[in-house]
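Visitor: Please show me the sequence and the structure, and then take my questions one by one.

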Amino acid sequence: MALTLQANSLKMTRSNFGVTIMSDAAKKASLNFNDKNIDFPVYQGTLGPDVIDVTSLQKQGTFTFDPGFMSTASCESKITYIDGEKGILLHRGYPIEQLCEQSNFLEVAYLLLYGELPSKTESVRFVDDINNHTMVHEQLRSFFNGFRRDAHPMAVMVGVVGALSAFYHDSLDINNPEHRYISAIRLIAKMPTLAAMSYKYSIGQPFVYPQNHLSYAENFLNMMFSVPCEKLALDPVLVRAMDRIFIIHADHEQNASTSTVRIAGSTGANPFACISAGIAALWGPAHGGANEAALNMLKEIGTVDRIPEFIQRAKDPNDSFRLMGFGHRVYKNFDPRAKVMQKTCHEVLEATGQGDSMLFKVAKELEKIALQDEYFIQRKLYPNVDFYSGITLSALGIPTSMFTVIFALARTAGWVSQWSEMIGQPGHKIARPRQLYTGYTQRDFVPVDLRK
Ligand code: SDX
């Protein structure tokens with residue numbers, strides 16, 4: 001079998017998804033397989049690797065095989081671009097570093113949804129729309145009573161977010177752009193309220209209603225930490241840090257949870273069910289659960305002198321221990337979010353009088369030692385977004401069990417944008433991968449009396 005690529009001139013065409021892609025009619029890949037020569041079109045995006053369109057392969061009675069989708073582009077998207085080798089992350093072309101420094105989360109959510117930064121008028125309307133939907137139906141409050149107080153908040157979020165669809169029968173036609181808009185608004189607006197409710201429920205304090213005169217991040221921190229009997233004064237440094245943490249976690253191309261949302265959405269499931277599926281996928285320690293696992297790891301290490309012991313364990317093929325917050329499927333260089341996260345971490349520690357935090361010292365020393373170790377260098381393992389987020393969230397007073405909830409809160413902006421982009425693409429199909437079957441060939445049933 002041989003695969004050859006032939007290059008020629010480029011031209012813009014409209015794909016059968018109704019979106020414009022850079023395609024080169026003459027650019028193709030040829031596969032010589034089973035004495036057959038099969039040609040596949042090759043598409044070139046505006047950035048990133050070319051893709052070979054293998055959709056016609058199944059007609060040849062053959063599948064590609066790519067467990068973990070290491071070499072598979074599952075869709076065409078215009079939302080987020082990642083260059084793992086160079087450590088670049090762009091949202092609609094804007095670098096994450098600039099968005100963190102100069103923008104705010106709701107503006108980034110608008111950018112992800114619509115492709116452009118909002119004008120002042122558009123921004124006011126979008127913020128008003130969000131503010132008009134921050135409350136949840138009063139009956140949803142009773143959903144929480146079905147959970148034990150010590151239920152993991154992610155278990156609660158999977159349940160209550162999925163249940164939201166029971167309250168919006170009037171706007172679940174996913175092919176209606178207005179319904180898609182109001183569902184996106186409701187999800188972005190209500191995630192902070194539900195997240196704070198899951199925390200308050202776990203500590204037996206009363207739910208705090210949203211206050212729409214507050215900014216998005218301020219509103220969330222107020223719902224998390226204020227109590228009816230006291231006024232809460234929030235440090236603007238901490239509010240800014242929270243907003244920046246939301247921006248950092250907003251979207252990240254076709255990661256595991258976003259792909260889950262897209263697959264659920266491809267069946268026509270309502271957006272609340274799709275986001276609930278995304279929350280469930282994000283929960284895993286290899287994905288969004290890594291920030292909780294990374295902080296627990298730093299606490300277990302405890303002091304700088306114990307770092308070598310854990311580095312040794314991380315390198316031991318017989319030990320399942322991994323440095324949580326290190327490594328990434330795409331980034332083989334620094335995760336650009338990790339750098340912003342480290343700076344934010346330092347600001348929060350200073351503002352909360354924890355500048356001499358041992359956890360931060362252990363984290364910085366662990367990063368320094370790992371980045372000089374051949375094992376990590378050879379495997380291009382660098383700190384990722386989760387490495388410093390745990391310390392930062394902890395310094396903000398957020399309990400470890402809420403870390404992935406906050407990741408889900410922020411990622412909802414990306415999930416609804418990716419979902420809406422897919423549904424808006426004419427001709428999108430239900431996601432239905434195939435397999436390499438290595439089980440039994442056909443055999444006849446054996447009645448139980450005749451079995452050995
Ligand atoms: C997120 O996809 C996204 O975009 C996700 C995310 C997003 O914003 O949506 O960026 C958020 O999920 C960040 C990643 C958070 N996860 C962790 O920090 C958990 C620890 N990291 C690893 O589990 C791992 O690095 C993954 C899961 C993140 C990536 O794994 P890959 O790409 O499948 O790579 P691999 O497991 O095949 O590892 C390659 C090698 C292996 O060694 P060898 O078999 O070659 O000897 O690197 C080793 C691994 O053992 N390795 C690690 C390691 N990560 C990989 N060794 C020690 N510590 C680690 N953290």
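**The sheet, the ligand and the fold**

Guide: Three strands form an open sheet in the order E6-E7-E8, with antiparallel pairing. Two strands pair if DSSP finds at least two bridges between them; helices (H or I, at least four residues) and strands (E, at least two) are DSSP runs, numbered from the N terminus. This is a predicted model, in which local features need pLDDT of at least 70 and side-chain atom pairs count only at pLDDT 80 or more, while totals for chains, interfaces and linings use all residues. Residues are numbered from 1 along each chain as its sequence is written, and side-chain values use heavy atoms, with hydrogens and water left out.

Visitor: Which are the edge strands?

Guide: An edge strand here pairs on one side only. That holds for two strands, E6 and E8 (94-95).

Visitor: Over how many bridges do E6 and E7 pair?

Guide: E6 covers residues 80-83 and E7 covers residues 88-91. Asp83 stands opposite Ile88 in E7. The two strands pair in the antiparallel sense, and the number of bridges is four.

Visitor: Which residue in the hairpin of E6 and E7 takes a positive phi?

Guide: This hairpin has four residues between the strands. The positive phi, near 65°, belongs to Gly87.

Visitor: Which residue stands opposite Tyr94 in E8?

Guide: E7 and E8 pair in the antiparallel sense over two bridges. The residue opposite Tyr94 is His91.

Visitor: Which residues come nearest to the ligand?

Guide: A residue is near a molecule if one of its heavy atoms lies within 4 Å of it. There are 23 residues around the ligand. Those that come nearest are His252, Leu323, His328, Arg337 and Arg411.

Visitor: How far is a polar side-chain atom of His328 from an oxygen atom of the ligand?

Guide: Side-chain N or O atoms of other residues can be listed beside it: one in Asn384 is 2.9 Å from an oxygen atom of the ligand, and one in Arg411 is 2.8 Å from an oxygen atom of the ligand. For His328, the distance is 2.6 Å.

Visitor: How many charged residues does the shell around the ligand have?

Guide: Ala, Val, Leu, Ile, Met, Phe, Trp, Tyr, Cys and Pro count as nonpolar, Asp, Glu, Lys and Arg as charged, and the others, Gly among them, as polar. The shell has ten nonpolar and seven polar residues, and the number of charged residues is six.

Visitor: Is Arg337 buried or exposed?

Guide: Arg337 is found in helix H12 (residues 336-351), and its side chain makes a polar contact (a pair of N or O atoms within 3.5 Å; within protein, one must be able to donate a hydrogen and the other to accept it, and residues adjacent in sequence count only if both atoms are side-chain atoms) with the side chain of Asp335, at 2.7 Å. Buried means under 20% relative accessible area, exposed over 50%, and partly exposed in between (1.4 Å probe, protein chains only). The relative accessibility of Arg337 is 2%, so Arg337 counts as buried.

Visitor: What is the relative accessible area of Asp243?

Guide: Asp243 lies in helix H7 (residues 236-248). The C-alpha atoms of Asp243 and Phe105 are separated by 5.9 Å, though the two residues are 138 residues apart along the chain. Asp243 is buried, because its relative accessible area is 9%.

Visitor: How many helices and strands does the protein have?

Guide: Buried residues make up 47% of the 452 residues in the protein. The count is 16 helices and eight strands.
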